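The following exercises ask the reader to work through one protein chain, moving from individual contacts to the whole fold. Each task is followed by a solution in steps.

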Amino acid sequence: MKGLIAAGGNATRLEELTRVTNKHLLPVGRWPMVYYPLQLLQRVGVREVLIVTGKQHAGQFIDLLGNGQVIARGADEVLFDLELSYKVQVEAGGIAQVVGMARSFACDEPLVVCLGDNIFERCQADAIGAWDDGALVFVKDVPDPENFGVVVYDDEGRVADVVEKAGVVDTRYAAPPSNDAVVGLYCYPPDVFELIDALEPSSRGELEITDVNRAYARAGRLQVHRVDGWWHDGGKHWADLAEVGRLIEDTGVNK
């Protein structure tokens, strides 16, 4: 099992904070944001991790993370110890494009994908450890499902489909069919790259990870697990960064 962190994008919603740096390098609590998904991957049993970012910030990631062993400054605590590789996404093309870039890196092993701005109270190790077939995604009940990809259930409560921003990106639905938003932690088997090869860009010109998840759902091969503990998307608003930093201090993270 290998790991992938998607850490590209311009993060314009964070306004001036990302004018000259990548959002995943911004401080959240005591650490740069990207430390949290790296620690999560290590705690679920991943050793080798690929980081994909944009060309304008790739050097900053290498300067910060080096070969993947990071020891706390002024202490002997190892924050994480991973074997890191890096790739550059020249143009933004969607999360599914980023996953496709990991084909040679994954080398026919299962792949755990974490968005670099997603932070979890608990590392979801039990659910990932029990995953053995098809794809696995994690969901959280949210008050604004129109801003997410959400799971569609049939009359018997089984996973039937996944819809991306209903009424805007996916116009088959005028409104979200559920409040179960798919968060930025996904587990894929080796055949995910064949699915990505067959994708067409969406109405916003990207290869949508929702289309990948939908293909697994329609084949009856998508497992959905509710997030254990709190979850935070760090790319929404600058004020959230301080709030989640305080939350981490209060509850801990990646437990």
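**Exercise 1. The core around Leu 38**

Leu 38 is in contact (heavy atoms within 4.5 Å) with Ile 5, Val 49, Ile 51, Leu 65, Phe 80, Leu 82 and Leu 84, leaving aside its neighbours within four places in sequence. The model is predicted: local features need pLDDT of at least 70, side-chain atom pairs count only at pLDDT 80 or more, and totals for chains, interfaces and linings use all residues. Residues are numbered from 1 along each chain as its sequence is written, and side-chain values use heavy atoms, with hydrogens and water left out.

Task: Determine which residues of the largest nonpolar core touch the most other members.

Solution.
- Step 1. A nonpolar core is a set of buried Ala, Val, Leu, Ile, Met, Phe, Trp, Tyr and Cys residues joined through side-chain atoms within 4.5 Å. Buried means under 20% relative accessible area, exposed over 50%, and partly exposed in between (1.4 Å probe, protein chains only).
- Step 2. The largest such core has 53 residues, and those touching the most other members are Leu 38, Val 49, Ile 51 and Leu 65.
- Step 3. Helix α1 supplies the largest share of this core, five residues. Helices (H or I, at least four residues) and strands (E, at least two) are DSSP runs, numbered from the N terminus.
- Step 4. Another core, of 32 residues, lies apart from it and includes Ala 135, Val 151, Tyr 216 and Leu 222.
- Step 5. As background, nonpolar side chains in soluble globular proteins tend to be buried together.

**Exercise 2. The buried face of α2**

Task: Establish where the buried residues of α2 fall when seen down the helix axis.

Solution.
- Step 1. Helix α2 covers residues 58–65, and its buried residues are Ala 58, Phe 61 and Leu 65.
- Step 2. These residues fall within an arc of 60° seen down the axis of α2, so they line one face of the helix. The arc is that of the directions from the helix axis to the C-beta atoms.
- Step 3. The cover over the buried residues of α2 includes α1 (35–43), β4 (48–54), β5 (69–71), β6 (78–81) and β7 (83–89).
- Step 4. Gly 66 follows α2 and has a positive phi, near 55°.

**Exercise 3. Strand β10 and its partners**

Task: Identify the strands joined to β10 and the direction in which each runs.

Solution.
- Step 1. Strand β10 (residues 135–141) has five of its seven residues buried, so it is largely enclosed by the rest of the structure.
- Step 2. β10 and β14 (residues 222–226) run parallel and are joined by five bridges; two strands pair if DSSP finds at least two bridges between them. Within this pair, Phe 138 stands opposite His 225.
- Step 3. β10 and β13 (residues 180–188) run antiparallel, again with five bridges. Here Leu 136 has Cys 187 as its bridge partner.

**Exercise 4. Helix α7 and Ala 96**

Task: Is Ala 96 buried or exposed, and which residues does Ala 96 contact beyond its sequence neighbours?

Solution.
- Step 1. Ala 96 belongs to helix α3 (residues 95–100), and its relative accessibility of 0% makes it buried.
- Step 2. Beyond neighbours within four places in sequence, Ala 96 contacts Ile 196, Leu 199, Leu 207, Glu 208, Ile 209 and Val 212.
- Step 3. Ile 209 and Val 212 are among the buried residues of α7. Seven of the 10 residues of α7 (residues 209–218) are buried, so the helix is largely enclosed by the rest of the structure.
- Step 4. Just after α7, Gly 220 has a positive phi of about 70°.

**Exercise 5. Positive phi outside glycine**

Task: Compare the settings of Lys 165 and Asn 254.

Solution.
- Step 1. Lys 165, in the loop between β12 (159–164) and β13, has a positive phi of about 45°. Its relative accessible area of 23% makes Lys 165 partly exposed.
- Step 2. Asn 254, in the segment after α8 (238–251), has a positive phi near 55°. Asn 254 is buried, with a relative accessible area of 1%.
- Step 3. Asn 254 is also one of the residues touched by Glu 121, which lies in the loop between β9 (118–120) and α5 (125–130).
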